[in-house]
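Please walk through the structure shown here, starting from its charged pairs and moving on to its rings, its core and its surface.

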Amino acid sequence: MAKPSAPFEFKQCTSIIKATGMKARDLKELRTLISIIDDASIFHHTYQYFLKGHIMEYTNDFAHWAGEGLEERALSEHLSNIDIFAYKDISELRAKLLAQIDTYSEKFPEPREAMEGDEFYFNETVTLVFPVGIRVKNLAELLMAIKHVDAGSIYYHFYEARVRLGEGVDDFSAWIKDVFQKTDLVKKISGIDLFMHNVEGIREHLLEFLEDEVQRDMEVVHR
């Protein structure tokens, strides 16, 4: 049975980008700057990659630049294979990024230099989180809300939640499990490969699973 006193409140995040003034022309400079740049910049170029609507051949800005700016395809693949949500904090993720670059540099000590204008520019963000005025009490209402909320809200509840909650779980799964105990639905949502889809792709999968669940619930009621 659901807990009627536990609604889901939608929130949204938006980011204001700040330039750091630092840029890298080649892999050596990238490695040096990753080692000293603020955590906020690492966070922006990794976790917030999914908020930017990039093609999902890559999973972070560093991999994207290695592949497109330097044409170091093998390195871009290694960087893309890093599961950023597997690390407890930015320091661990930073160490993993550096280790991957070091390993690659040992094999290819003369990396390419980016063309002028294609350098890697380090940015960071000020992220603002605010409620959007939508509170839902059941899965049908959740379905309708997900259809219409801004992409920043999907990102906040599906991606950012994994960092905020520190348990590798998204807000939707946590709420459905706690309120409705629908373990099969939770498994489907939790099983969405967040590295294979952008935010809109995540939205489509959420809608698919929720529509199926709401339809089944309606069929049970009308039997």
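**Charged pairs, core and surface**

Glu-72 and Arg-112 are joined by a salt bridge, and their closest N and O atoms are 3.5 Å apart. Glu-72 sits in the loop between α3 (61-68) and α4 (73-80), and Arg-112 in the loop between α5 (90-107) and β2, so this salt bridge ties together parts that are 40 residues apart in sequence. The two partners are covered to unlike degrees: Glu-72 is buried, at 7% relative accessible area, whereas Arg-112 is partly exposed, at 44%. The model is a predicted one, and a search of the whole of it finds 14 salt bridges.

Another of these pairs involves the strands. Arg-135 and Glu-9 meet through their side chains in a salt bridge, with 3.6 Å from N to O. Arg-135 belongs to strand β2 and Glu-9 to strand β1 (residues 8-24), so the pair links distant parts of the chain, 126 residues apart. Arg-135 is exposed, with a relative accessible area of 54%, while Glu-9 is partly exposed, at 33%.A third salt bridge joins Asp-217 and Lys-182, at 3.2 Å from N to O. Asp-217 lies in helix α10 and Lys-182 in the loop between α8 and α9 (183-190), and this pair links distant parts of the chain, 35 residues apart. Asp-217 is partly exposed, with a relative accessible area of 28%. Lys-182, at 19%, counts as buried, because the limit for that class is under 20%. Lys-182 and Asp-217 also belong to a network of salt bridges that includes Glu-213 and Arg-216.

The aromatic rings come next. There are 20 aromatic pairs. One of them is formed by Phe-8 and Phe-10, an edge-to-face pair with 5.0 Å centre to centre and 65 degrees between the planes. Phe-8 is buried at 6% relative accessibility, and Phe-10 is buried at 0%. Tyr-49 and Phe-50 make another pair: their ring centres are 6.1 Å apart and their planes stand at 90 degrees, so this pair is edge-to-face. Tyr-49 is buried at 0% relative accessibility, and Phe-50 is buried at 1%. Tyr-49 and Phe-50 are both part of one aromatic cluster, whose members also include Phe-43, Tyr-47, Phe-85, Tyr-155, Phe-158, Tyr-159 and Phe-195.

Which residues have the most contacts inside the largest nonpolar core? They are Leu-30 and Leu-142, in a core of 64 residues. Helix α10 (residues 199-221) supplies the largest share of this core, with 7 residues. Leaving aside residues up to four places away in sequence, Leu-142 touches Phe-8 and Phe-10, along with Val-136, Phe-172, Trp-175, Ile-176 and Leu-210.

Helix α8 (residues 171-180) contains Phe-180, which is buried at a relative accessible area of 16%. Phe-180 and Leu-139 are 41 residues apart in sequence, and their C-alpha atoms are 9.0 Å apart in space.

The surface is the last stop. Ile-16, Val-126, Leu-128 and Phe-130 make a nonpolar surface patch of about 320 Å². Strand β2 (residues 120-136) gives the most to this patch, with 3 residues. Leu-128 is placed in strand β2, and at 40% relative accessibility Leu-128 counts as partly exposed.

Conventions:
Residues numbered from 1 in each chain as written. Predicted model: local features only at pLDDT ≥ 70, side-chain atom pairs only at ≥ 80, totals over all residues. Heavy atoms only, no water. Patch = residues over 30% accessible without salt bridge, like charges linked within 9 Å, V, L, I, M, F, W, Y side chains within 5 Å. Areas by Shrake-Rupley, 256 points an atom, 1.4 Å probe, with all protein chains shown as cover. Salt bridge = Lys/Arg side-chain N within 4 Å of Asp/Glu carboxyl O. Helix = DSSP H or I, 4+ residues; strand = E, 2+ residues; numbered from the N terminus. Buried < 20%, exposed > 50% of the residue type's maximum accessible area, 1.4 Å probe, protein only. Core = buried A, V, L, I, M, F, W, Y, C linked by side-chain atoms within 4.5 Å. Contact = heavy atoms within 4.5 Å. Phe/Tyr/Trp six-rings, centres within 6.5 Å; stacked < 30°, edge-to-face > 60°.
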